[in-house]
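User: Could you take a close look at one part of this structure for me? I'd like a connected walk through a single spot and what surrounds it.

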Amino acid sequence: MKALSFPKSHRLLRPADYGRVFDDVQLKVPHRNFLILATPNNLGHARIGLIFSKKNLKLAVQRNRIKRQVRETFRHQPDYPGLDIVVLGRQGLASLDNHAIRASLTELWQRLKRKHQQSQPSRANSSKPAGRGTG
């Protein structure tokens with residue numbers, strides 16, 4: 001059970017942590033009900049922050065239910081790359097049941113992981129000096 005824990009070190013806690021993600025968005029995964037923004041960190045593990053407004057989810061019960069689902073699906077993602085992730089809620093979330101939310105989030109986590117893997121080789125290639133290997 002310890003492998004599935006969700007310690008404070010895996011959460012974005014300070015406004016500066018959220019600001020860093022918003023100021024330097026490198027990965028964006030849109031969905032009808034969610035928007036995921038991410039930027040790499042140097043911690044070796046992913047951290048997550050949640051933003052669900054009263055405008056989109058009127059009742060605290062609704063906001064808390066969605067947050068629980070997001071945390072739970074994130075917690076079950078094996079060996080996630082070192083990213084700071086912010087999950088924003090959009091309108092229409094309140095009408096979804098827990099199963100639909102879990103299915104959407106699982107798909108979004110996979111899409112984010114794929115985007116991160118695709119962005120890694122392009123950065124490695126662009127950082128190589130010109131003319132390397134000739135000689």
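Analyst: Let's start with Asp17: setting aside its neighbours within four places in sequence, this residue touches Leu12 and Arg47. Keep in mind that we're looking at a predicted model. Asp17 sits in helix α1, which covers residues 15–23. With a relative accessibility of just 8%, under the 20% cut-off, Asp17 counts as buried.

Now hop across to its partner. Arg47 belongs to strand β3, and it's buried too, at 13% relative accessible area. Again leaving out neighbours within four places in sequence, Arg47 has a list of contacts: Ser9, His10, Arg11, Leu12, Asp17, Asn41, Leu83, Asp84 and Ile85. So Leu12 turns up in the contacts of Asp17 and in those of Arg47.

Leu83 is worth a second glance: it is 36 residues away from Arg47 along the chain, yet their C-alpha atoms are 6.3 Å apart. Asp84, for its part, is the bridge partner of Arg47 in β4. That bridge brings us to the strand pairing, where β3 runs parallel to β4 (residues 83–89) over 5 bridges.

Zooming out, the strands form an open sheet of 4, ordered β1-β2-β4-β3, and the pairing is mixed. β1 (27–30) and β3 (47–51) are the edge strands with a single partner each, so one side of each has no neighbour in the sheet. On average, neighbouring strands here are turned by 15° against each other, ignoring direction. Helix α2 (residues 60–75) packs on this sheet, touching β2 (34–40), β3 and β4, and its direction makes about 165° with that of β3.

Methods
Residues numbered from 1 in each chain as written. Predicted model: local features only at pLDDT ≥ 70, side-chain atom pairs only at ≥ 80, totals over all residues. Heavy atoms only, no water. Pairing = 2+ DSSP bridges. Helix = DSSP H or I, 4+ residues; strand = E, 2+ residues; numbered from the N terminus. Axes fitted to C-alpha atoms, helices over the stretch in contact; angles between N-to-C directions. Contact = heavy atoms within 4.5 Å. Buried < 20%, exposed > 50% of the residue type's maximum accessible area, 1.4 Å probe, protein only.
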